[in-house]
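Please examine the following structure, then follow the explanation below. It proceeds from the surface beside the nucleic acid to the contact between the chains and the domain division.

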2 protein chains.
Amino acid sequence: MPPPSHKSLRNGLASPPVAPEPARGPLTINDIARLADVSKKTVSRVINKSPLVTEETRARVEAVIREHGYEPNPQARGLALRRAFLIGLIYDNPSPSYVVNMQHGALDALAGTGFELVVRPCDRRAPDFLDEIRAFVTRQRPAGVILPPSVSEDPALARLLAELECPYVRIASVKLDRKARTVLTHDAAGAAAAAVHLADLGHRRIAHISGPSTFRSAHERRRGFIAGLAERGLELAEAYDKVAGYTYASGVEQARALLTLPVRPTAIFAGNDEMAVGVYRAAHDLGLSIPDDLSVVGYDDAPIASQVWPALSSVRLPIRDMGKVAAERLLQLATAPDEAGELVEFTPTLVARDSSAAPR
Amino acid sequence: MPPPSHKSLRNGLASPPVAPEPARGPLTINDIARLADVSKKTVSRVINKSPLVTEETRARVEAVIREHGYEPNPQARGLALRRAFLIGLIYDNPSPSYVVNMQHGALDALAGTGFELVVRPCDRRAPDFLDEIRAFVTRQRPAGVILPPSVSEDPALARLLAELECPYVRIASVKLDRKARTVLTHDAAGAAAAAVHLADLGHRRIAHISGPSTFRSAHERRRGFIAGLAERGLELAEAYDKVAGYTYASGVEQARALLTLPVRPTAIFAGNDEMAVGVYRAAHDLGLSIPDDLSVVGYDDAPIASQVWPALSSVRLPIRDMGKVAAERLLQLATAPDEAGELVEFTPTLVARDSSAAPR
DNA sequence: CTGAAAGCGCTTACAG
DNA sequence: CTGAAAGCGCTTACAG
């Protein structure tokens, strides 16, 4: 059943009352052209914000568009432009809260633009990883894709997207690409803040559990942490320098190793919150109390950080804002591809809660 | 730079060597028609699995399609069919792990089909809630949308989608629609299992913190819990019957109320895991140990359930499978709209961990 | 069972 | 600054 409004709209114009046009579906560019008494091409110019339209004509067309709530059909535009009104989010991040936050940020930017967000989780180690993405991009021709860590760090992926002429933005803790394609997060600075925080509380035996070597962020956080310790004249002892996998289970394992050392650390900085919660578990198992026997600081400030007990001190990166900025950049590339984009940078902040205190 | 393979492919055919056709972009239906020596309409029939093609012709066309890795342009098909090759996921569920799980389930079903998943978080209480969805559906014409709780429970939304002739599947704990549009979860059965579990451990003073009344699942879980208690000859005392908001903070608040009662419960069943973690917090604050002083059971079996300490007993719903089945149903509706779909049902299972034990 | 024509709703050169 | 024609890559009636 077609909405009655369309029928009345179309017949409201000077059309012969004898043969009213059938009202099927929403209005098209032809309807708007007729109603505004211009050619469809002019309507198209207005839609695409071409400067080659008189102010008067533009105003008239825009009024008709607004009045009838006309929205150009994205399928038709996409076919003609060879670009879908879709932004892809390609990720292999295992943290649900990270993923959802980034999605919501991207959607913040896309709201009201007519662009939709298509999600593409993937496995960077899968043999057909690049084939899948090639198929997606070739088939759908998205207006752009957002690459958060760690897919953002994949040089072959970036090459592929460049080859396919698919705009992309890489969110990463190191600058891997030109400015317009980069959202830079100063992971190292956040980790340094964590080191200074623990040192200033009076800790001297401070350990670190870093993420997997396949994540640049893991390296950056470790590097920043060591730099922060150095600022306070401290070093990261080799025995206190552990590598895990950004997962809960791996955090438990490495924390257990640290806490059963002959001389155990009084503080542990984990490369993300999941591992930090793993540290909680290991401490509990060994009868150690947080923060009395052990201070813990995480990274990401995931929801779980404020839900565990005691509440976890953590380094916060504004994930949602990062997603928003990345999507905005892609929209900008889609409309004005030539304008050189500025480098966008985010610096994380330490959120001190109850899991870090002076050593007993 | 066009991929060289296309050029050679196109010129490989009996085309005059003098004027080779320009090779721009991927192959189209016309290329395939020429290569298979049929009309484009026949290629279209093969793509759309029309029965009106000889086996021989079909085989020949399919061979050419496979050989060249041809994929029909979804924009063009969408324009002609008035349906985008998109499946929407419309949700207002606040739990990241729930959302990501459901997305991944839907993507399991869409993998290899050429359909993409578009995510549409929303706020059911926002004044323009329905307008936003109307705009989305009218503009993009998705092949279907998945509605998990609580948007699945919104009658106005279902009416709107029916009016717009947009196929949908509702995932809900009560049957709100016809079979083909329903994925039914027996939330009540899972809650009953939790009640029986606690009763069989020897608990008699058992409390419940339910979700908000705007979620049918909250009602179903409470109903099932009461039924489970009744199976063991127990009742849910009025003072032990609390309503919260499916959030951590609301869980803390109601748990605190329960645990400061003159006669406090020895077990609490929370309507979801977030609130159960809130119960942990309240118990800790009051110096109560889990499970010695208090047993706790949650619902959802979110990742956090196995990460908190002690590990949380919880009722597990196979969210990912639910998302997959919902998407499969929509694909089925898109291809064969007339086939009556069966009702799909999921029954949750209790995962007993360390947070529930016999009362001391 | 197969095909030539027209159309889906837009945009891109090309004129004027 | 504006428009008529052709085209994007498919599918839907309509013939045969």
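**From the DNA surface to the chain contact**

Sorted by class, the surface near DNA strand C comprises 12 nonpolar, nine polar and four charged residues. The model is predicted. In total, 25 residues surround DNA strand C, and the closest of these are A:Ile29, A:Ser44, A:Ala76, A:Ala80 and B:Ser39.

Both protein chains take part in this surface through helices. In chain A, helix H3 (40-47) and H5 each supply at least two residues; in chain B, helix H3 (40-47) and helix H5 (74-81) each do likewise. The greatest contribution to the surface near DNA strand C is that of H5(A), with five residues.

The next topic is the contact between the two protein chains. Chain A and chain B bring 33 residues each to this contact. On the side of chain A that touches chain B, at least two residues come from each of helix H5 (74-81), helix H6 (96-110), strand S2 (116-121), helix H7 (129-140), helix H12 (273-285) and helix H13 (303-307) of chain A. H6(A) provides the largest share of that side, namely seven residues. The composition of the side of chain A that touches chain B is 19 nonpolar, 10 polar and four charged residues. Helix H5 of chain A thus appears both in the surface near DNA strand C and in the side that touches chain B.

Finally, chain A is divided into domain 1 (4-13 + 22-72), domain 2 (80-186 + 320-345) and domain 3 (187-317). Between the C-alpha centres of domain 1 of chain A and domain 2 of chain A, the distance is 33 Å.

Key:
Residues are numbered from 1 along each chain as its sequence is written. Chains are lettered from A and ligands numbered from 1 in the order in which they are written. This is a predicted model: local features need pLDDT of at least 70, side-chain atom pairs count only at pLDDT 80 or more; totals for chains, interfaces and linings use all residues. Two residues are in contact if their C-beta atoms, placed from the backbone, lie within 7 Å. Helices (H or I, at least four residues) and strands (E, at least two) are DSSP runs, numbered from the N terminus. Ala, Val, Leu, Ile, Met, Phe, Trp, Tyr, Cys and Pro count as nonpolar, Asp, Glu, Lys and Arg as charged, and the others, Gly among them, as polar. Domain bounds come from an automatic or database domain assignment. A residue is near a molecule or strand if its C-beta atom, placed from the backbone, lies within 6 Å of it.
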